[in-house]
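Load the model in your viewer and keep the selection panel open. The stops below go through the two chains one after the other.

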Amino acid sequence: MHPFNYHKPSTLAEAVALHQGAEDPAYLSGGHTLLPTMTQRLAAPSDLIDLEGLTELIGIAVDNGTLSIGAFTRHAEVAASTEVQSALPALAELAEGIGDAQVRNRGTIGGSLANSDPAADYPAAVLALNAVIHTDRRQIPADGYFRGLFETALEADEVITRVDFAIPSRAAYEKFPNPASRYATVGVMVADFNGTVRVGVTGAGPCACRADAFEAALSARFDPAALDDAELPAIDFNSDLHASAEYRVHLVRVMAQRATARLASL
Amino acid sequence: MNLTLTVNGAEHSLDVPANTLLVELLRTRLRLTGTHVGCDTSQCGACTVHLDGCAVKACTVLAAQAQGRSVTTIEGIGRPNGTRNGSPDDLHPMQAAFRDCHALQCGFCTPGMILRAMELVESGGTLDNRTVREGLEGNICRCAGYHNIVKAVLAAGDAMQEQSR
């Protein structure tokens, strides 16, 4: 790993100021993408700005149909939170399925969303649950957040502070995990807001997206069979050593149908 | 940078470069070589230690992130140094179960397996073949000795619950 300057600011304002004053800085959250990238010398920031301990990034709260999760909340904390388990059990289950236990003890929701890995789990939930990404300077609606491969609406020095999820009447997340990494080969969250359905898809394309035709079909008739002929999202499907594009096309429909079937049978 | 942390109950104050990984600090500065480096990319779990009681992969944590915290390695879980008498009772119940169930072949993954398995048992959930296998998702045994590892964790689960009663 190349040398760098390490900073541990005590306020959000200080963190942003450090970022603005450094040559080639990076924010450090759980570090479970950034640090392996640095040890492999694929990234060499001049300055690491550790966000741990910033009080602005901590806390889980349920208020008026919204579940708010602080950006520095680790996956294991989301999975174990009684607030999340009772308000949005599908999100607790999603968090419990990320990576492995040691990864969940370090990785954070804010870090995952800022990184926007095409195979990360949280992005499917952000889109299906119509989340709002709060940052140090503004609020970004889910639909405008994911821009492309590892690309989001965030500015270089912008810090996610919390994510507000709309609490649906019911939701389920189904993923086909890569057996080695547990990343989503394809993951689909289906969320029903009193008859209006939203579907978030991850793992399929360069970044997470919604499946419009699936949403329309399920809003008209909440039945896995309603998706038999529904059109797939118009994206460039990923093809890599883990799965071909054709296989991912197949998986998007199957995962959406499984999530729907789970909810319909309750 | 100056760093203060507790390792296996002892406080250390050290001057380290900022780009020091926790596993490097443990192995090369403190000479605690029981924590192994397998893949160096947070996949294999051989470097698993406890950071404030949570199992983490020490190859993917900066030493700086352990500032003011408490680290436990494989060297710190049995009977404390100075009180050992060379008997099997020196071992932590999880170590004893790995020994009794022949849950190691080459032994390279064992320290990480044991540290993660302890957290799994201490978290208090149901322990069965499925939950143990899922719980050890982040630890790879290249001898593929999983069958006896699962057996050992289940046996240690019983022993640790017995002990805490």
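Select helix α2 (residues 93–100) of chain B together with α3(B): their axes come within 10 Å and cross at roughly 125°. Here axes are lines fitted to C-alpha atoms, for helices over the stretch in contact, and angles run from 0 to 180 degrees between N-to-C directions. Helices (H or I, at least four residues) and strands (E, at least two) are DSSP runs, numbered from the N terminus. The crossing angle makes α2(B) oblique to α3(B); angles under 35 degrees count as roughly parallel, over 145 as roughly antiparallel, 65 to 115 as roughly perpendicular and the rest as oblique. The crossing of α2(B) past α3(B) is right-handed. A crossing is called right-handed if the near helix is turned clockwise from the far one by less than a right angle, and left-handed if anticlockwise.

Show side chains at this crossing. B:M94, B:Q95 and B:F98 of α2(B) make the contact with B:T110, B:I114, B:A117 and B:M118 of α3(B). Two residues are in contact if their C-beta atoms, placed from the backbone, lie within 7 Å. The contact of α2(B) with α3(B) has 5 nonpolar, 2 polar and no charged residues. In this classification Ala, Val, Leu, Ile, Met, Phe, Trp, Tyr, Cys and Pro count as nonpolar, Asp, Glu, Lys and Arg as charged, and the others, Gly among them, as polar.

The model is predicted: local features need pLDDT of at least 70, side-chain atom pairs count only at pLDDT 80 or more, and totals for chains, interfaces and linings use all residues. Residues are numbered from 1 along each chain as its sequence is written, while chains are lettered from A and ligands numbered from 1 in the order in which they are written.

Keep helix α3 (residues 110–122) of chain B and add helix α5 (residues 146–164) of chain B; the two pack at an angle of about 45°, with their axes 10 Å apart. That makes α3(B) oblique to α5(B), and the crossing of this pair is right-handed. On the α3(B) side pick B:M113, B:A117, B:L120 and B:V121, which meet B:I149, B:V153, B:A156, B:G157 and B:M160 of α5(B). The residues of this contact divide into 8 nonpolar, 1 polar and no charged. B:A117 is also part of the contact of α3(B) with α2(B).

Zoom out to the whole of chain B. It has 5 helices and 5 strands, in the order β-β-α-β-β-β-α-α-α-α from the N terminus on. Its radius of gyration (taken over C-alpha atoms) is 16 Å, close to the 15 Å that the globule rule gives for 165 residues, so chain B is as compact as a globular protein of that length. The globule rule is 2.2 Å times the number of residues to the power 0.38. The C-alpha atoms of chain B fill a box of roughly 45 × 35 × 30 Å along the principal axes.

Now display both chains. How many residues does each chain give to the contact? Chain A gives 19 residues and chain B 22 residues. On chain A, β1, α2 (34–39) and α6 (101–104) each supply at least two residues of the side that touches chain B. That side of chain A divides into 8 nonpolar, 7 polar and 4 charged residues.

Hide chain B. Chain A has 10 helices and 14 strands, and its C-alpha trace spans about 55 × 45 × 30 Å along its principal axes.

Select β1, β2 and β3 of chain A: these 3 strands form an open sheet in the order β1-β3-β2, with parallel pairing. Strands pair if DSSP finds at least two bridges between them. The edge strands are β1 (5–7) and β2 (25–28) of chain A, each pairing on one side only. The twist averages 20° from one strand to the next. β1(A) pairs with strand β3 (residues 47–50) of chain A over 3 bridges; label A:H7 and its bridge partner A:I49 in β3(A). Helix α1 (residues 12–21) of chain A lies across β1, β2 and β3 of chain A and runs at about 170° to β3(A).

Last, select the open sheet of 4 strands in chain A, ordered β11-β12-β13-β14 with antiparallel pairing. Strand β13 (residues 196–202) of chain A pairs with β14(A) over 2 bridges, and A:V201 stands opposite A:C209 in β14(A). Helix α10 (residues 245–264) of chain A packs on the sheet, touching β11, β12 and β13 of chain A, and its direction makes about 40° with that of β12(A).
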